[in-house]
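Here are my comments on the model you sent, set out as numbered points. Please read them with the sequence and the coordinates open beside you.

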Amino acid sequence: MSKGAATRQAVLAEATEVASRLGLGGLTIGSLAARLDMSKSGLFAHFRSKEALHLQVLGYARDAFTAEVIRPALRAPRGEARMRALFDNWYRSVSLPSACLFVSASTEFDDQPGPVRDQLVVDHKDLLDVIAQIFRTGVAEGQFSEAADPEQFAHDLQSVMLGAFHAKRLLDDPRAETWTRRAFEALLDAARATSD
């Protein structure tokens, strides 16, 4: 990796951490430059605008989430084992900056039209598609019911995980993991193929 690329990665890692705590709106080229002890003009040369910085931070966070949550899950056997791996990886990610950023940014930009919101929509829909596709492989393996709706399962699982973020991070509820895992098991139970 070139020095410029390494610098950009380090900047994006720091920017993702800041944005996960302060929101994307709280992340500016000036504040990031001060935090990294870099010149504002030097940082501007990398990103050109606040919006471009936000989009690149989302890209960095998406790549991190994919590497930490999705790719490892896809190495698990098809069907329920893969869905469990996805869920476990995702639950572990609740405290990671990349995962928190998507939750906070979706609230921050849900009513702000523009490229950042558009990218968030794509990212969230892509995750729903991954869940639905993993579910479909479970149907193909005979583990999940053919009558079950993969998109409904994806919606329900995402709802469980958003509830987990709220319970764990905002409420600091010691029962958050127990309740989240119980809700996940109920989803799996309802989706399983029956022998009759």
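1. Arg35 is a sensible residue to begin with: in this predicted model it has a relative accessibility of 45% and therefore counts as partly exposed, since that class lies between the buried limit of under 20% and the exposed limit of over 50%. Its side chain meets that of Glu14 in a salt bridge, with an N to O distance of 2.2 Å. Because Arg35 belongs to helix H2 (residues 29–36) and Glu14 to helix H1 (residues 3–22), this pair ties together parts of the chain that are 21 residues apart in sequence. Glu14, with a relative accessible area of 22%, is likewise classed as partly exposed.

2. Helix H1 also holds a salt bridge of its own, in which the side chains of Arg21 and Glu17 meet at 2.7 Å, again taken from N to O. Both residues lie in helix H1 and are four residues apart, which corresponds to about one turn of the helix. As for their surroundings, Arg21 is partly exposed at 47% relative accessibility, and Glu17 is partly exposed at 25%.

3. Which residues are joined into one network by salt bridges that share partners? A convenient way in is the pair Glu80 and Arg84, whose side chains meet in a salt bridge of 3.1 Å, N to O. The two are found in helix H5 (residues 80–92), four residues apart, or about one turn of the helix. Through shared partners, salt bridges connect Glu80 and Arg84 with Glu185, Asp189 and Arg192 in one network. Within the starting pair, Glu80 has a relative accessible area of 15% and so counts as buried, the limit being under 20%, whereas Arg84, with 27%, is partly exposed.

4. Is Ser93 buried or exposed? This residue sits in the loop between H5 and helix H6 (97–109), and at 1% relative accessibility Ser93 counts as buried. The side chain of Ser93 reaches the backbone oxygen of Trp90 at a distance of 2.7 Å, and I would ask you to look at that contact together with the burial of Ser93 when you inspect the loop.

5. Turning to charge over the whole chain, the salt-bridge count comes to 13, and the pairs described above, including Arg35 with Glu14 and Glu80 with Arg84, belong to this kind of contact. The chain carries 23 positive and 26 negative charges, and the mean positions of these two sets are 7 Å apart.

6. The overall fold can be described briefly, as the chain has nine helices and zero strands, and reading along the sequence gives the pattern α-α-α-α-α-α-α-α-α. The C-alpha trace spans about 70 × 35 × 30 Å along its principal axes. Of the contacts between residues at least 6 apart in sequence, 67% join residues that are at least 24 apart.

7. How many of the 196 residues of the chain, as a percentage, count as buried? The figure is 38%, and Glu80 and Ser93 are among the residues in that class. The accessible surface of the chain comes to about 10200 Å², and carbon and sulfur atoms contribute 53% of that area.

How values were computed. Residues are numbered from 1 along each chain as its sequence is written. This is a predicted model: local features need pLDDT of at least 70, side-chain atom pairs count only at pLDDT 80 or more; totals for chains, interfaces and linings use all residues. Side-chain values use heavy atoms; hydrogens and water are left out. Buried means under 20% relative accessible area, exposed over 50%, partly exposed in between (1.4 Å probe, protein chains only). Contact means heavy atoms within 4.5 Å. Accessible areas come from the Shrake-Rupley method with a 1.4 Å probe; for residues, only the protein chains shown count as cover. Lys and Arg count as positive and Asp and Glu as negative; His and the chain ends are not counted. The place of a charge is taken as NZ of Lys, CZ of Arg, CG of Asp or CD of Glu. A salt bridge is a side-chain nitrogen of Lys or Arg within 4 Å of a carboxyl oxygen of Asp or Glu. A polar contact is a pair of N or O atoms within 3.5 Å; within protein, one must be able to donate a hydrogen and the other to accept it, and residues adjacent in sequence count only if both atoms are side-chain atoms.
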